[in-house]
Amino acid sequence: MFKKILVANRGEIAMRIIRGCRELNIATAAIYSEADSTGIYVKKADEAYLVGPGPVKGFLDKQQIVDLALRIGADAIHPGYGFLSENAEFAELCQESGITFIGPSPSAINAMGSKIKARDLAKKIGIPVVPGTEGGVTDMKEALAFAKDAGYPVMIKASSGGGGRGLRVVRTDAELRDNMEVASREALAAFGDGAVFIEKYVERPHHIEFQILADKHGNTIHLGERDCSIQRRHQKLIEIAPSLILTPQLRAEMGAAAIQIAQAVSYDNAGTVEFLLDQDGRYYFMEMNPRIQVEHTVTEQITAIDIVRNQISIAAGKPLAIRQSDVTLQGHSIQCRINAEDPRNNFLPCTGTITAYLSPGGIGVRIDGAVYKDYTIPPYYDALLAKLTVRGRTWEETVSRMRRSLEEYVLRGVKTTIPFMKAIMQEEDFRAGRFDTSYLDTHPDLYNYDDEEQPGDLVLAISAAIAAYEGL
């Protein structure tokens, strides 16, 4: 097993990895920027090192991170998600430097990192895909011809990356013309690759993904599925496990397809195979994410399988200790992403100082977070502050537990998604399990929630602002 792991990430996922390492008696080293020096993960790691320049470049500097790992005697690097987690060049640099990259091989990342290549592979092995262009599209005539053939709406998608960036749904020729170049520029800025392709847009599907674990000895299993349909701007907000609409037969069929895709590229470590499930129960392969997912917590809650510990064990060369027959899905789980965002202002990211913080607790309640009272949220990173995950025996119990936990959650000083999540937990269709990717668009009343501000919040916010000004 490894002696020291460098965690090449920040925030709550860095905390998650540090906790897993601590349970395995592995020393940890964190990296941080000056803007993030007060992060709790910096304090919890055994060692912490400043990287730069600026708030982001240090987290993306492949050579600097590998050189640091060599200097401090780390024998492995865990990239978490985002940043360098899906960068095949980084994985290869680690390999060449004698450091273990805790993730799949560079070849697997290359195969799955491009949505175009991944779609081609799925078609080759007989997994259904949404009709789309064969390869990247740069010619407007080709784009218009495909849209005419497939019929609107269609979706322009970045070949690399995810998170809703470089993605546009268009319903007319005019919209297609207006959005092709915009999507390409956005993809280039986010992923360094401006290639886009076009596929038929499936109306009101469920977004279903299967968690994969695969070792270096040819063993591949899935840990069931997650329903990630509740999204804004194609970015996930709430995830549940298992899906409320999959039959055992469909679960087995989609799970087998996910394993088949992973095995086709000799995949090892943790990964997620994502599908769209249409209103008629037909599924289509979308992409594979070759890394840990933000929403892995709901799978851990219903399987009692620690995905991060398995990542580390697999990277160390150990065979999976779990067979497919050992995987059972017990109860239900929901994860709410607690983001520093204003849902009523198009989910605008918010920054500021947390003036009050009290997390919920009780049976079946889990918090993955990296914030605390007096923590100042930097404006340079993702808006995710914490993940609230609950588990229950039944769907009804799980929804009620999440509602109660959100009511207990005190996080003031900035606007967050907490009151919006509370509104969802009380909404009739959600409680009945009637939702798909159109849920937020078709339920505008959800935005009529009451703000959670208390009389003293304004005073605290003003005091924090004065203190920050005086410290300049």
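**Sheet and helix packing**

In this predicted model, strand S9 (residues 206-214) and strand S10 (residues 220-232) run antiparallel and are joined by 6 bridges. To pick out one spot along this pairing, Ile208 has Asp227 in S10 as its bridge partner.

Stepping back, S9 and S10 belong to an open sheet of 8 strands. Going across, the order reads S13-S12-S9-S10-S11-S14-S21-S19, and the pairing is antiparallel. At the edges stand strand S13 (283-289) and strand S19 (365-369); each has a single partner strand, so one side of each goes without a neighbour in the sheet. On average, neighbouring strands here are turned by 25° against each other, with direction ignored.

The sheet also has a helix lying across two of its strands. Helix H1 (residues 11-23) lies across the edge strand S19 and across strand S21 (384-392). Relative to S19, H1 runs at about 115°.

Next comes a pair of helices. Helix H8 (residues 140-150) and helix H9 (residues 173-191) have axes that come within 11 Å and cross at roughly 140°. Since angles over 145 degrees would count as roughly antiparallel, that crossing makes H8 oblique to H9. As for handedness, H8 passes H9 in a right-handed crossing.

Which residues in H8 and H9 meet? On the H8 side they are Met140, Ala143, Leu144 and Ala147, and they meet Asp173, Leu176, Arg177 and Met180 in H9. Sorted by character, the residues of this contact come out as 6 nonpolar and 2 charged, with no polar ones.

Note on methods: Residues numbered from 1 in each chain as written. Predicted model: local features only at pLDDT ≥ 70, side-chain atom pairs only at ≥ 80, totals over all residues. Heavy atoms only, no water. Pairing = 2+ DSSP bridges. Helix = DSSP H or I, 4+ residues; strand = E, 2+ residues; numbered from the N terminus. Axes fitted to C-alpha atoms, helices over the stretch in contact; angles between N-to-C directions. Contact = heavy atoms within 4.5 Å. Parallel < 35°, antiparallel > 145°, perpendicular 65-115°, else oblique. Left-handed = near helix turned anticlockwise from the far one by under 90°. Nonpolar A, V, L, I, M, F, W, Y, C, P; charged D, E, K, R; others polar.
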